[in-house]
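Dear colleague,

Please find the structure below, with the sequence alongside. My findings follow directly after it, and I should be grateful if you would read them with the model open.

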Amino acid sequence: MFDKSILDQVNQYYTSKIVKYGTTPQGVDWNSTESQSLRFRVLSKVIEEQNFSILDYGCGFGSLQHYLQQWHGNNFTYYGFDISAEMINKAKAFSLPNSFFSTSITDFSTYDYLIASGIFNVRLQNNADDWLVYILQVLDTMNKIAKKGFSFNMLTSYSDTAFMKEYLYYAEPEFFFKYCKDHFSQRVALLHDYPLYEFSIIVKK
């Protein structure tokens, strides 16, 4: 079970963003449409076929579904999960037909793929050890509900020190690559070659 105090903090943080900025990249705490699209392009490398189901874990207002439609047409079924009810309300208004949303992960079962963008970045007042425990619990959950593969991104510990912020979590890429190899699959890719201060992990079953 996830730490309720952590979930409450994350919920309040992202709800405040969507209320202030609406359905914009800033509304989900990203800098620009361009950086958001780049993240989607990298994370969607986990997908290996058409006609798939996908869970957008931490979906925000559901912009991933619009990105996927550009490349896959209507040949996928999109499900969005977010702990913020305000995010889900925006997502339902913004969504494509045949999209499904919930604030409870227990409303979903299993899916071909899972993508999680940005959900591990904002640790707020939590210490690094507690945040790591939370991350590993979430990764275990993601692995259980993704049948064919999942992907996620994290801020990198190789970020320039001058620009690092105290309330954010900067992860060791090598640790998470090894963790996923040891616990989830032999088919794991670490992508650290795109021009953002982050990395992505692709896990294929």
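In this predicted model, strands β7 and β8 form a hairpin, with six residues lying between the two strands. β7 covers residues 187-191 and β8 covers residues 198-204; their pairing is antiparallel and runs over five bridges. Within this pairing, Leu 190 is placed opposite Ile 201 of β8.

The hairpin strands also take part in the packing of helix α6, which spans residues 173-183. Four residues of α6 are buried, namely Pro 173, Phe 176, Tyr 179 and Cys 180. These four lie on the same side of α6, because the arc they cover around the axis is only 135°. The partners against which the buried residues of α6 pack are α5 (128-145), β5 (146-156), β6 (170-171), β7 and β8.

Helix α2 reaches the hairpin strands as well. Its buried residues are Ser 35, Gln 36, Leu 38, Arg 39, Phe 40, Val 42 and Leu 43. They pack against β7 and β8, and also against α3, β4 (111-116) and β5.

The packing of α2 on α3 may be described in further detail. Helix α2 (residues 33-43) and helix α3 (residues 63-72) meet at an angle of about 65°, and their axes are 10 Å apart. The crossing of these two helices is right-handed. On the α2 side, the contact is made by Gln 36, Ser 37, Phe 40 and Arg 41, while α3 contributes Ser 63, Leu 64 and Tyr 67. By character, the residues of this contact comprise three nonpolar, three polar and one charged. Two of the contact residues named for α2, Gln 36 and Phe 40, also appear among the buried residues of that helix.

One loop position also deserves a remark. Where is Thr 23 located? Thr 23 sits in the loop between α1 (4-21) and α2. Is Thr 23 buried or exposed? The relative accessible area of Thr 23 is 38%, and this residue is therefore classed as partly exposed, since that class lies between the limits of 20% and 50%. Leaving aside residues up to four places away in sequence, Thr 23 touches Ile 18, Phe 61 and Lys 90. In addition, the C-alpha atom of Thr 23 is separated by 8.1 Å from that of Phe 94, although the two residues are 71 residues apart along the chain.

With kind regards

Note on methods. Residues numbered from 1 in each chain as written. Predicted model: local features only at pLDDT ≥ 70, side-chain atom pairs only at ≥ 80, totals over all residues. Heavy atoms only, no water. Pairing = 2+ DSSP bridges. Buried < 20%, exposed > 50% of the residue type's maximum accessible area, 1.4 Å probe, protein only. Arc of directions from axis to C-beta. Contact = heavy atoms within 4.5 Å. Axes fitted to C-alpha atoms, helices over the stretch in contact; angles between N-to-C directions. Left-handed = near helix turned anticlockwise from the far one by under 90°. Nonpolar A, V, L, I, M, F, W, Y, C, P; charged D, E, K, R; others polar.
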